[in-house]
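Here is a short tour for anyone with the sequence and the structure side by side. Keep the viewer open and follow along.

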Amino acid sequence: MNPIYKFELNRTTVNLLNPKTVKTGLLSTSTGALDSTNTSYQSSDFIPVTPGTNYDLRDAATFTAWAASAACFYTANKVFISGSYGIGETPANAAYLRVSYPGLNDGYGVFPDNVSSYSEYVTPI
């Protein structure tokens, strides 16, 4: 009998913004809801985050930190906690983050603030 081995390969990525799950629209910093009629902006899907950690929205070309047009935090059950115009430190009960940014530029990423260079999003396998 031949044994069957199961294993998983896990690639890590520093860039947490998956461009394949971005939606058109602007997030409301007061409700966390997506206004999809505002086609001048793009918004991320739910990005898993660590509570009490600082994150930045950064430009791919220059790695310049940008103030997100909207940043919203959510619990593990994806219930809205709070919103702001910049990411900064995640609340103690935050499990997810969503960001909105100008839709004219696809070259953005979300990074922990201790990262010094841009990386493309890599889908975990």
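## Strand 6 and its partners

Strand 6 is largely enclosed by the rest of the structure, because five of its six residues are buried. Please keep in mind throughout that this is a predicted model.

Which strands pair with strand 6? On one count, five bridges tie strand 6 to strand 12, and the two run antiparallel. Strand 6 is also joined to strand 10 (residues 88–89), again antiparallel, through two bridges. Strand 7 (residues 65–66) pairs with strand 6 in the antiparallel sense too, over two bridges.

Some bridge partners are handy to pick out in the viewer:

| Residue in strand 6 | Opposite residue | Partner strand |
|---|---|---|
| Tyr-55 | Gly-88 | strand 10 |
| Asp-56 | Phe-111 | strand 12 |
| Leu-57 | Val-110 | strand 12 |
| Arg-58 | Ala-65 | strand 7 |

The hairpin made by strand 6 and strand 7 has five residues between the strands, and within this hairpin Phe-63 takes a positive phi near 60 degrees. Strand 12, for its part, is mostly covered, with four of its five residues buried.

## The nonpolar core

In soluble globular proteins, nonpolar side chains tend to be buried together. Here the largest nonpolar core has 14 residues. Those with the most contacts inside this core are Leu-17, Leu-57, Ile-87, Leu-97, Val-99, Tyr-101 and Val-110. Four elements give two or more residues to the core: strand 6 (54–59), strand 8 (70–74), strand 11 and strand 12 (108–112). Strand 11 supplies the largest share, three residues.

Two names in that list, Leu-57 and Val-110, have come up before: Leu-57 stands opposite Val-110 in strand 12.

Tyr-101 is a good residue to centre on next. Which residues does Tyr-101 contact, leaving aside its neighbours within four places in sequence? The answer is Leu-17, Val-22, Tyr-41, Gln-42, Leu-57, Ser-69 and Tyr-108. Among these contacts of Tyr-101 are Leu-17 and Leu-57, which also belong to the residues with the most contacts inside the core.

Leu-17 has a further relation to the end of the chain. Val-122 is placed in the segment after strand 12. Its C-alpha lies 9.4 Å from that of Leu-17, although Val-122 and Leu-17 are 105 residues apart in sequence. Val-122 is partly exposed, with a relative accessible area of 27%.

## Aromatic pairs and charges over rings

A pair of aromatic rings is described by the distance of the centres and the angle of the planes. The structure holds three aromatic pairs. In one of them, Phe-46 and Tyr-96 meet edge-to-face, at 5.9 Å centre to centre and with 80 degrees between the planes. This pair links distant parts of the chain: Phe-46 is in the loop between strand 4 (41–43) and strand 5 (47–48), whereas Tyr-96 is in strand 11 (residues 96–102), 50 residues apart. Phe-46 is partly exposed, at a relative accessible area of 25%, and Tyr-96 is partly exposed as well, at 21%.

Tyr-74 and Phe-80 form an edge-to-face pair too, because their planes stand at 65 degrees, with ring centres 5.9 Å apart. Is Tyr-74 buried or exposed? Tyr-74 counts as buried, because its relative accessibility of 3% falls under the 20% cut-off. Phe-80 is partly exposed, with a relative accessible area of 23%. Ring pairs join Phe-46, Tyr-74, Phe-80 and Tyr-96 into a cluster.

Two charged side chains sit over rings of this cluster. Lys-78 lies over the face of Tyr-96, at 5.2 Å from the ring centre. Over the ring of Phe-46 sits the charged end of Arg-98, 5.0 Å from its centre.

## The whole chain

Stepping back, the protein has zero helices and 12 strands. Of its 125 residues, 33% count as buried. Among contacts between residues at least 6 apart in sequence, 63% join residues at least 24 apart. The protein exposes about 7400 Å², and carbon and sulfur atoms supply 54% of that area.

Conventions:
Residues are numbered from 1 along each chain as its sequence is written. This is a predicted model: local features need pLDDT of at least 70, side-chain atom pairs count only at pLDDT 80 or more; totals for chains, interfaces and linings use all residues. Side-chain values use heavy atoms; hydrogens and water are left out. Rings of Phe, Tyr and Trp (its six-membered ring) pair if their centres lie within 6.5 Å; planes under 30 degrees apart count as stacked, over 60 as edge-to-face and the rest as tilted. Buried means under 20% relative accessible area, exposed over 50%, partly exposed in between (1.4 Å probe, protein chains only). A charge sits over a ring if NZ of Lys or CZ of Arg is within 6 Å of the ring centre and within 35 degrees of the ring normal. A nonpolar core is a set of buried Ala, Val, Leu, Ile, Met, Phe, Trp, Tyr and Cys residues joined through side-chain atoms within 4.5 Å. Contact means heavy atoms within 4.5 Å. Two strands pair if DSSP finds at least two bridges between them. Accessible areas come from the Shrake-Rupley method with a 1.4 Å probe; for residues, only the protein chains shown count as cover.
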